[in-house]
Amino acid sequence: MKIGIDIGGSHIAIGVVNSNGIIVEKIEKRLTQKEKTNIQKSIEEYIIKNVTEFIKKYKIELVGIAAPGTIKDGVILWGGNLNVTNYDIVEKLQNKIKLPIIIRNDAKCAAVAEKNYGCLKGYNRSLFLTLGTGIGGAAFLDGKLLEAGTRSGYEFGHMIIEKNGIECVCGRKGCFERYASMKSFKNKLRNALGLDETTRGEELLKMIRDNNEENKNYEIIENSVSEYIEDLSIGISNLINIFEPEVIGIGGSFVHFEDVFLGRLRDKINKENEKIIGRENVLIKTAVLGNDAGIIGAVCDKWKTNYKI
């Protein structure tokens, strides 16, 4: 058994994973605003407490962490959505957890899990996007994960889609994730409706599902969704032009909005593809493993044989 940990900008999930890539037990929590003010301490305490409990129940051989940002030699060099730099989380945890601990980029972990067990399985050319607090990504060519060398690379979320646009946590303006992450969408919709951040994603989803022309906020909600699909399709169309994938998988909290977003996104992308002579429609799927993909990918055995670590 292995323990996979997925650290996000607003949540932590920890799961015990068997040799078949199946989570046998999982625990997760959302980070409160108070916890985010000392996020390193909050993350470490939660991981140490729960990993220790799992070790008592299962025979654990390895702990794998999926974390956002640029990671090298076990250190998060920069994690914009965690607001950390040069964070040696492995060393901090190793003092309390006496097991091998590895850490990799969260989007790459989710992609590897989906490539081996989920929506990308069986395809040679594929892309994977995680849409959540930010946007992460990974690309596969000839079934192999593409990597950039000393840095994790393929930072799709920091591709600029709007000149002189909204400032991003990376310091530049107009990044893809500032327009097409799920966090950006939810914040824009809340602001448009005059709601505060206590309005959860589940409530926003219900508003979208129930929206009709008799609703006083019909145009606000419809325009917000249309604008989001437009921004998301711009970034994805750019990636299609570069990589010519057979399939694109989308994970993160986007999967919860699949019924209201995916059909419209496919239609928009397919209309764009029709303009390119000789291009067939690209399959667009949501992650089969959902938000569990990061946990599973963090400890996936396939890293050892199929992909450069």
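Which residues does Lys186 touch, not counting those up to four places away in sequence? In this predicted model, the list consists of Gly201, Leu204, Ser253 and Phe257. Lys186 itself sits in helix α6. It's a charged side chain that ends up buried, yet Lys186 has no salt bridge to go with that. The nearest side chain of opposite charge belongs to Glu202, and that one is 6.9 Å away. A salt bridge would need a side-chain nitrogen and a carboxyl oxygen within 4 Å.

Helix α6, which spans residues 182-193, also has a hand in the largest nonpolar core. That core counts 37 residues, and the members touching the most others are Tyr228, Phe254 and Phe261. Quite a few elements chip in with at least two residues each: strands β9 (126-131), β10 (135-141) and β12 (247-252), along with helices α5 (177-180), α6, α7 (201-209), α8 (218-243) and α9 (258-273). Helix α8 gives the largest share, with 8 residues. Phe261 offers a good look at how things meet here. Setting aside neighbours within four places in sequence, Phe261 is in contact with Met182, Phe185, Val225, Tyr228, Ile229 and Phe254. Two of those partners, Tyr228 and Phe254, are themselves among the core members that touch the most others. There's also a second core, separate from this one and made of 29 residues, with Tyr46, Ala67, Ile89 and Ile103 among them.

Now for the strands. Strands of a sheet pair through backbone hydrogen bonds, in either a parallel or an antiparallel way. Both kinds turn up here. The antiparallel case is an open sheet of 3 strands, lined up as β5-β6-β7. Strands β5 (70-72) and β7 (84-87) stand at the edges with a single partner strand each, so one side of each has no neighbour in the sheet. On average, neighbouring strands of this sheet are turned by 20° against each other, direction ignored. Strand β6, covering residues 75-79, is joined to β7 by 3 bridges, and Gly79 stands opposite Val84 of β7.

The parallel case involves β12, one of the strands that supply the largest core. Strand β12 pairs with β13 over 4 bridges, in the parallel sense. Across this pairing, Gly249 is found opposite Lys285 in β13. Strand β13, residues 283-286, has two unlike faces: Ile284 and Thr286 make up the covered one, while Leu283 and Lys285 make up the uncovered one. Lys285, then, belongs to the uncovered face of β13, whereas Lys186 over in helix α6 is buried.

Technical notes:
Residues numbered from 1 in each chain as written. Predicted model: local features only at pLDDT ≥ 70, side-chain atom pairs only at ≥ 80, totals over all residues. Heavy atoms only, no water. Core = buried A, V, L, I, M, F, W, Y, C linked by side-chain atoms within 4.5 Å. Buried < 20%, exposed > 50% of the residue type's maximum accessible area, 1.4 Å probe, protein only. Contact = heavy atoms within 4.5 Å. Lys, Arg positive; Asp, Glu negative; His and termini not counted. Pairing = 2+ DSSP bridges. Axes fitted to C-alpha atoms, helices over the stretch in contact; angles between N-to-C directions.
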